[in-house]
Amino acid sequence: HGVERLFLHTPPVDTMVVRQQPALEAPRRAGVRQVTKISMVGVGAQASTHLGRWHAETDAAVRDFPSWTVLCPHSFMQNTLGFAPSIPAGGRFYAPAAGAVAPIVDARDVPAVAAECLTSDDHAGETYFLTGPEAIDYHGVAHEIGDAIGRKVEFVDVPAEAGKQGMLAAGYPA
């Protein structure tokens with residue numbers, strides 16, 4: 001009670017919708033007027049990922065508040081840290097990317113945008129797509145990592161199934 005603005009961000013897990021529903025319902029009953037939520041790029045009822053469909057459901061609930069802002073960051077630069085274990089041994093990292101490019105965003109920029117949205121009424125009813133300065137493929141990421149550590153780093157594209165098995169072996173949920 002007495003809270004006017006809410007920031008909503010939950011982990012990307014299969015219980016995300018179950019967690020976010022009460023996290024939105026209680027504030028709605030208490031009279032919270034503004035919500036800023038972290039979502040993602042590629043959401044929708046027909047999204048190709050579970051996470052995209054889950055975010056679509058909770059994004060819709062956020063848009064029922066009198067004032068709302070949804071932030072959709074693209075892939076995070078910090079996710080590339082997951083490649084670190086394979087680089088010292090062989091100078092390579094592996095991912096199922098199929099030539100994809102993405103405007104990788106620094107995760108530290110997201111809270112800066114969220115703070116602006118939470119402390120101003122200028123962003124009501126907006127959905128913002130947060131991106132880095134340029135779209136880059138993993139060959140470019142390998143080059144940047146190599147420059148940073150002072151040695152050549154190579155990206156190796158792997159088939160989707162091999163990537164899935166690697167992620168499962170690393171402990172990611174199915």
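**Entry 1: Thr69**

I looked up Thr69 and placed it in strand β3. The model I am reading is a predicted one. Is Thr69 buried or exposed? I noted a relative accessible area of 0% for Thr69, and because buried means under 20%, Thr69 counts as buried. I then followed its side chain, which reaches the backbone oxygen of His123 at 2.9 Å. Setting aside neighbours within four places in sequence, I listed the contacts of Thr69: Gln34, Val35, Thr36, Lys37, Cys117, His123, Ala124, Glu126 and Tyr128.

**Entry 2: Ser75**

I went on to Ser75, which I found in the loop between β3 (67-73) and α3 (87-90). With a relative accessibility of 30%, Ser75 is classed as partly exposed. Which residues does Ser75 contact, leaving aside its neighbours within four places in sequence? I recorded Ala102, Pro103, Ile104 and Val105. For Val105 I also noted the separation from Ser75: 30 residues in sequence, and 6.2 Å in space from C-alpha to C-alpha.

**Entry 3: Ala102 and the largest nonpolar core**

I turned to Ala102 from the other side of that contact. Apart from neighbours within four places in sequence, Ala102 is in contact with His74, Ser75, Glu134, Ala135 and Ile136. Ala102 also belongs to the largest nonpolar core, for which I counted 12 residues. The other members I wrote down are Phe83, Ile87, Phe93, Ala95, Ala97, Ile104, Val141, Ala142, Ile145, Val153 and Phe155. I checked which elements supply this core, and β4 (92-95) and α5 (138-149) each give at least two residues. Helix α5 gives the most, with three residues. I also found a second, separate core of 10 residues, with Leu8, Val32, Val35 and Trp68 among them. Val35 had already appeared in my list of contacts for Thr69.

**Entry 4: Helices α1 and α2**

I last examined how helix α1 (residues 16-30) packs with helix α2 (residues 50-62). How do the two helices lie relative to each other? I noted an angle of about 5° and axes 10 Å apart. Angles under 35 degrees count as roughly parallel, and α1 and α2 are therefore roughly parallel to each other. From α1, I listed Met16, Val17, Gln20, Gln21, Leu24 and Arg28 in this contact. From α2, the residues that meet them are Leu51, Trp54, His55, Glu57, Thr58, Ala61 and Val62. Sorted by class, the contact of α1 with α2 holds seven nonpolar, four polar and two charged residues.

Notes:
Residues numbered from 1 in each chain as written. Predicted model: local features only at pLDDT ≥ 70, side-chain atom pairs only at ≥ 80, totals over all residues. Heavy atoms only, no water. Core = buried A, V, L, I, M, F, W, Y, C linked by side-chain atoms within 4.5 Å. Buried < 20%, exposed > 50% of the residue type's maximum accessible area, 1.4 Å probe, protein only. Helix = DSSP H or I, 4+ residues; strand = E, 2+ residues; numbered from the N terminus. Contact = heavy atoms within 4.5 Å. Axes fitted to C-alpha atoms, helices over the stretch in contact; angles between N-to-C directions. Parallel < 35°, antiparallel > 145°, perpendicular 65-115°, else oblique. Nonpolar A, V, L, I, M, F, W, Y, C, P; charged D, E, K, R; others polar. Polar contact = N/O pair within 3.5 Å; in protein donor to acceptor, adjacent residues only side chain to side chain.
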